[in-house]
Amino acid sequence: MVFLKVIKDKAYHKRFQTKFRRRREGKTDYYARKRLIAQAKNKYHAHKYRLIVRFTNQDIVCQIAYSTITGDFITAAAYSHELPRYGITLGLTNYAATYATGLLLARRVLTKLNLNQKFQGKQDDVSVDYTVKSKYKGRNPFTCLLDVGLARTTTGCRVFAALKGMCDGGVRVPHSESRFIGYKNGTLDGEVLRKYIYGGHVAAYMSLLLKKNPAKYDTQFSRYKKAGIKPADLEKIYTEAHKHIRANPVFKKKPAKKYTAAQKRKFAHKRRITLAERKGRVKCKLLNYGIIEHRNKKQKKTEEKKPEEKKPEEKKAESQ
């Protein structure tokens, strides 16, 4: 095949259109975003809600947002760093923590909308796929669409653990069971799904290391060992956490931090000086450098050289 050099001529550069900033940075998939936020015109100002799930190295972010022409607005949010309040102190980025964060967000948004009593979600058997059904009478379930961002939507991905937690919490998110952990050959293995939701995969690995490589266990699970958490305790911890989340999902605001007088002085911003103070500073600097004295001497010399101006009466007398 002949090599063809691509020539970027004047016509190319004239027609070139700069992409959006977040596309240039590789942060937003605008092809997917357009389809998630576009709303039919006959629905007027009805918001189209999105379940946003994002992962960092040490945290999980779950938000419910809607888009307007001025920007996106967050209706409710939940983070995995809130889970220690409910008893999950370690492993805040694994599959089980993602499910708990999704459950927390679902119960929080329904409490905010006064729908928490009407839509309880799935409480008994989490191994079965569950979708909130809309009833013909009364209010419909709160519905949102999953926004995965740039994540790879593979089977067993943690993004779908948050979706599972939202559905079990009583929020309707259109989905298929084919992406949950344990789905294979057209069927969902409920036992595998339940195992991951209650941290069974972590417990199995902890038990394996305890038997085969205790030294590696001491380094990899040192914080679990320090907290006195054994492999058999994990299921109980997650079960209790789910109960506590359902009992009180409301966000608890931290008390304001109190600073000492020395800390306040350290972090306080300097007061903006007035115009008179600014002029005074300039005058002080000029005095220090001797510039004002030099100016005063010059002014005296010019005044001495200037002839005295005659009064208007004397001028009239001379002219007559």
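**Sheet, pocket and individual residues of the predicted model**

In this predicted model, strands β2 and β3 are connected by a hairpin of two residues. The two strands run antiparallel and are joined by eight bridges; within this pairing, C62 has A78 in β3 as its bridge partner. Strand β2 also pairs on its other side, with β1. A hairpin of four residues leads from β1 to β2, and the antiparallel pairing of these strands comprises seven bridges. Here, L51 is matched with I64 in β2 as its bridge partner. Strand β2 is mostly covered, with seven of its nine residues buried.

These strands belong to an open sheet of four strands, arranged in the order β3-β2-β1-β4 with mixed pairing. The edges are formed by β3 (71-79) and β4 (145-147), each of which pairs on one side only. On average, and with direction ignored, neighbouring strands of the sheet are turned by 30° against each other. The parallel component of the sheet is found between β1 (residues 49-55) and β4, which pair over three bridges. In this pairing, I52 has D147 of β4 as its bridge partner. Helix α5 (residues 159-169) packs on the sheet and touches β1, β2 (60-68) and β4. The direction of α5 makes about 135° with that of β1.

Helix α5 also contains K164. This lysine counts as buried because its relative accessibility is 1%, below the cut-off of 20%. Neighbours within four places in sequence being left aside, K164 is in contact with Y99, V126, V128, D129, Y130, F180, L193 and I197.

The largest pocket of the model has a volume of about 450 Å³. Its lining consists of 20 residues, and those nearest the centre of the pocket are T28, R50, R54, D147 and G149. One of these, D147, is also the residue of β4 that serves as bridge partner of I52. Helix α3 (30-37) and strands β1, β3 and β4 each supply at least two residues of the lining. The greatest contribution comes from α3, which provides four residues. By residue class, the lining of the largest pocket divides into nine nonpolar, three polar and eight charged residues.

Backbone geometry was also examined in the loops. Most residues other than glycine have a negative phi. Two residues in the model are noted for a positive phi although neither is a glycine: Y44, with a value of about 55°, and N114, with a value of about 60°. Y44 is placed in the loop between α3 and β1, whereas N114 lies in the loop between α4 (95-112) and β4. Y44 has a relative accessible area of 73% and is therefore exposed, the cut-off for this class being over 50%. N114 likewise counts as exposed, because its relative accessibility is 64%.

How values were computed: Residues numbered from 1 in each chain as written. Predicted model: local features only at pLDDT ≥ 70, side-chain atom pairs only at ≥ 80, totals over all residues. Heavy atoms only, no water. Pairing = 2+ DSSP bridges. Axes fitted to C-alpha atoms, helices over the stretch in contact; angles between N-to-C directions. Contact = heavy atoms within 4.5 Å. 1 Å grid on protein atoms, 1.4 Å probe; cavity = no way out; pocket = protein on both sides within 12 Å on 5 of 7 lines; lining within 4 Å. Points joined across faces, edges and corners; volume = space filled by probe spheres on them. Nonpolar A, V, L, I, M, F, W, Y, C, P; charged D, E, K, R; others polar. Buried < 20%, exposed > 50% of the residue type's maximum accessible area, 1.4 Å probe, protein only.
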